[in-house]
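Q: Could you take a close look at one part of this molecule with me? I am in my first year, so please go step by step.

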Amino acid sequence: MDKNEILRRSQEENQYGDEREKQIEAKSESFGQNIIVLGLIILTIFNAIKGLPVKHFIAILWASTAAKYYYLFWKNHKKRDLFWGLLATATCLADLFLLYWEVFR
């Protein structure tokens, strides 16, 4: 194999970034998601103390969980991931319905 062939293959393999860049991006996304969850927990506690509705914050957490499991199902095709995604979706929708019922009754 000549050096041009090696260079071409290397460029094809790394067209979406090298492994280090992918790991850094994955860690940054995970960190950002953790900060969002922490913020939602703080807002949920604050609203609960003040007697304000909290179901919309909890629904966001369930929507995020559902999205995670749908992505896992899409990539791995494991039925348990689909099950958990559907369950999280149902819980999210139930929270939104209860919020609607609480606010607009």
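What follows is a walk along one helix and on to the parts around that helix.

A: Happy to help! Please keep in mind that this is a predicted model. Let us take helix H3 as our part, and begin with its length.

Helix H3 covers residues 55–76. Its 22 residues should span 32 Å at 1.5 Å a residue, and the C-alpha atoms at its ends are 31 Å apart, so the expected and computed spans agree.

Now, which residues of H3 are buried? They are Phe57, Ala59 and Ala66. The cover over these buried residues includes H2 and helix H4. Let us visit each of those two neighbours in turn.

Helix H2 runs over residues 19–50, and Thr44 is found there. Is Thr44 buried or exposed? Its relative accessibility is 16%, and buried means under 20%, so Thr44 counts as buried. Setting aside neighbours within four places in sequence, Thr44 is in contact with Val54, Phe57 and Ile58. You have already met Phe57 as one of the buried residues of H3.

Helix H2 also holds Ile42. Together with Phe31, Ile35 and Leu38, Ile42 forms a nonpolar patch on the surface. The accessible area of these four residues together is about 420 Å². When you look at the numbers in that patch, a general point about helices may help. An α-helix has 3.6 residues a turn, so residues three or four places apart point the same way.

Next comes helix H4, residues 79–104. H4 has 26 residues and reaches 37 Å from its first C-alpha to its last, close to the 38 Å expected at 1.5 Å a residue. Its buried residues are Asp81, Gly85, Ala88, Cys92, Asp95 and Leu99, and they pack against H3.

Asp81 deserves a pause. Asp81 is buried yet has no salt bridge. The nearest side chain of opposite charge belongs to Arg80, 4.0 Å away. Not counting residues up to four places away in sequence, Asp81 touches Tyr69, Leu72, Phe73 and Asn76.

Where, then, is a salt bridge to be found? The side chains of Glu102 and Lys55 meet in one, at 3.1 Å from N to O. This pair links distant parts of the chain, with Glu102 in helix H4 and Lys55 in helix H3, 47 residues apart. The count of salt bridges comes to one. As a general idea, side chains of opposite charge can pair when their charged atoms come close. Both partners are partly exposed: Glu102 has a relative accessible area of 33%, and Lys55 has 22%.

Another residue of H4 to find on your screen is Trp84. Trp84 counts as partly exposed, because its relative accessibility is 41%, and partly exposed lies between 20% and 50%. The C-alpha atoms of Trp84 and Ser64 are separated by 12 Å, while the two residues are 20 residues apart along the chain.

Finally, let us see what comes after H3. His77 follows this helix and lies in the loop between H3 and H4. Although His77 is not a glycine, its phi is positive, at about 55°. His77 is exposed, because its relative accessible area is 60% and exposed means over 50%.

To put the picture together, H3 has buried residues covered by parts that include H2 and H4, a salt bridge from Lys55 to Glu102, and His77 just after its end.

How values were computed: Residues are numbered from 1 along each chain as its sequence is written. This is a predicted model: local features need pLDDT of at least 70, side-chain atom pairs count only at pLDDT 80 or more; totals for chains, interfaces and linings use all residues. Side-chain values use heavy atoms; hydrogens and water are left out. Patches are made of residues with over 30% relative accessible area and no salt bridge: like charges are joined within 9 Å, nonpolar side chains (Val, Leu, Ile, Met, Phe, Trp, Tyr) within 5 Å. Accessible areas come from the Shrake-Rupley method with a 1.4 Å probe; for residues, only the protein chains shown count as cover. Helices (H or I, at least four residues) and strands (E, at least two) are DSSP runs, numbered from the N terminus. The expected span of a helix is 1.5 Å times one less than its number of residues. Buried means under 20% relative accessible area, exposed over 50%, partly exposed in between (1.4 Å probe, protein chains only). Contact means heavy atoms within 4.5 Å. Lys and Arg count as positive and Asp and Glu as negative; His and the chain ends are not counted.
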